[in-house]
Amino acid sequence: MKNGTGDLALFGGSPAFLQNRRVGRPNQGDRERFLERMTRVLDNEWLSNMGPLMYEFETRVAELAGVRHCVSLCNATVALQMLVGDTATGGEPGDEVIIPALTFPATAHAVRWRGLRPVVCDVDPATGLIDPDLVEALITPRTRAVIGVHLWGQACDVRRLEKITESNGLRLYFDAAPALGCTYGSTPIGGLGHAEVFSFHATKVVNSFEGGAIVTDDDALAERMRAVRNFGFGQDGLVEEVGTNGKLNEAAAAMGLTSLDALEDTIAHNRANYETYRAALSGIPGVRPVEYDERHRNSHHYMMITVDRAAAGLHRDLLLDVLRAENILAQPYFPQAMHQLAPYAADSPGPLPHAESLCEQLLALPTGPGVSAADVGIISDVVRATVAHGQEVTGLWHARPAETAATR
Ligand SMILES: *Cc1c(COP(=O)(O)O)cnc(C)c1O
């Protein structure tokens, strides 16, 4: 229990944890099952190129997402690049794709990588999700597509985005990288818009070391994507179009399957952590968990809070320093909005106040299988004690000797 500022590790106290509590610790599942699968892979001597485990993984993901097709890929960034470059998007260089300001940089990069222009749209201040009202105002004759991002597993306002894109003849894609196992109402995320993209990066709720997928009910799109991921080879073995190498290898599929086996347990554990955090953080001035719309199911893989400097008495970044000194490795998600990133700043639409303010305030707290209810209690106590002395912590931090600052 931390009573005064002297108990905080940042100011010389002993850390709350001897071992790090992290955001995005990998969900590896049962090690024996993974090793069994790896033995099969090695015995088969079929390490990549559309192997049996890759197909098994695709079938399982498609079932979970409630879609006809899962095209597994080496990561979600390549998946987004493939969708943006698809013939149905039909973009000429400089054509526009509307994306939210609050997302991981890959969403913007995928658009620019294919020679199109990411047009950055501000977000809803409560959810951080792309704001359909603002999307409409950004549509020009050059707009080809809208990419919604189901941030932290929250479903976008899908129906409104569908209406807007349909009436303007645009493609609608979802970057669902953080949203496997989540739903839009009773519909699993995966079957929304023309296609959705999952990530199975090591830090995601299901991990395949690195991996991704395009999921869709569109047969022709799935066939095109299967060709593009494999150098453009068509069914007859001849190259029909410009392709890339986007294949998911068998070791990745083995981990993906094993991690997927544990998904329901992981979600249940995360959900319990979320409830514990909500109770334990309640009433701390200026600290608020991001509220999820209960009509949709969330995997609670991300425990997001906002820190309002005026009410808490300290800035999010200082709370982050306090937590890190305690070996609580929280993360600012995301520290910059898309129009603030160096490659896109020159093309910035001007201030996007909701996204910018969220980027200043958001913090992801540790959760996942390695974080117990007791850990959540300790982490929440540190946050409470720090905010209770918010002004004092701010004063001490600014008054610290210069050499201390230089060594941190
Ligand atoms: C993780 C993430 C990505 C990138 O996924 P990779 O598989 O690492 O390429 C893209 N978009 C969002 C919103 C993400 O959270």
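**Pockets, rings and a cavity: worked exercises**

Helix α3 supplies the largest share of the lining of the largest pocket, three residues. The model is predicted: local features need pLDDT of at least 70, side-chain atom pairs need 80 or more, and totals for chains, interfaces and linings use all residues. Numbering runs from 1 along each chain as its sequence is written, and side-chain values use heavy atoms, without hydrogens or water.

**Exercise 1.** Describe the largest pocket and its lining.

*Solution.*
- Step 1, volume. The largest pocket has about 540 Å³. A pocket is an open set of points on a 1 Å grid, with protein on both sides within 12 Å along at least five of seven lines; lining residues have an atom within 4 Å of a point. Volume is the space filled by probe spheres set on the points.
- Step 2, centre. The lining has 26 residues, and Phe-104, His-201, Thr-203, Lys-204 and Tyr-302 are the closest to the pocket centre.
- Step 3, helices. α3 (76-84) and α4 (106-113) each give at least two lining residues. Helices are DSSP runs (H or I, at least four residues), and strands are too (E, at least two).
- Step 4, classes. The lining holds 13 nonpolar, 10 polar and three charged residues.
- Step 5, domains. Domain 1 (5-23 + 263-330 + 366-398) and domain 2 (31-261) each contribute at least three residues to this lining.

**Exercise 2.** Place the second largest pocket relative to the domains.

*Solution.*
- Step 1. Its volume is about 340 Å³.
- Step 2. It is lined by 21 residues; Thr-127, Leu-129, Ala-155, Cys-156 and Asp-157 are the closest to its centre.
- Step 3. The lining divides into seven nonpolar, five polar and nine charged residues.
- Step 4. Both domain 1 and domain 2 give residues to the lining, so the second largest pocket lies between them.

**Exercise 3.** Classify the ring pair Phe-34 and Phe-209, and say what it ties together.

*Solution.*
- Step 1. The structure holds eight aromatic pairs. Rings pair if their centres lie within 6.5 Å; planes under 30 degrees apart are stacked, over 60 edge-to-face, the rest tilted.
- Step 2. The centres of Phe-34 and Phe-209 are 6.0 Å apart and the planes stand at 70 degrees, so the pair is edge-to-face.
- Step 3. Phe-34 sits in helix α1 (residues 31-44) and Phe-209 in the loop between β9 (195-199) and β10 (212-216), so the pair ties together parts 175 residues apart in sequence.
- Step 4. Phe-34 is buried, at 13% relative accessible area. Phe-209 is partly exposed, at 41%. Buried means under 20%, exposed over 50%, partly exposed in between (1.4 Å probe).

**Exercise 4.** Trace the ring contacts of Phe-104.

*Solution.*
- Step 1. Phe-104 and Phe-334 form a tilted pair: 6.5 Å between centres, 50 degrees between planes.
- Step 2. Phe-104 lies in the loop between β3 (96-100) and α4, Phe-334 in the loop between β13 (328-329) and α12 (342-345), so the pair joins parts 230 residues apart in sequence.
- Step 3. Phe-104 is exposed at 51% relative accessibility, whereas Phe-334 is buried at 12%.
- Step 4. Phe-104, Tyr-302, Tyr-333 and Phe-334 form one aromatic cluster.
- Step 5. Lys-204 lies over the face of Phe-104, 6.0 Å from the ring centre. The rule is NZ of Lys or CZ of Arg within 6 Å of the centre and within 35 degrees of the ring normal.

**Exercise 5.** Find a charge over the ring of Trp-397.

*Solution.* The charged end of Arg-400 sits over this ring, 3.8 Å from the centre of Trp-397.

Notes: On a 1 Å grid over the protein atoms alone, a cavity is a set of points where a 1.4 Å probe fits but cannot get out, and a pocket is an open set with protein on both sides within 12 Å along at least five of seven lines; lining residues have an atom within 4 Å of a point. Ala, Val, Leu, Ile, Met, Phe, Trp, Tyr, Cys and Pro count as nonpolar, Asp, Glu, Lys and Arg as charged, and the others, Gly among them, as polar. Domain bounds come from an automatic or database domain assignment.
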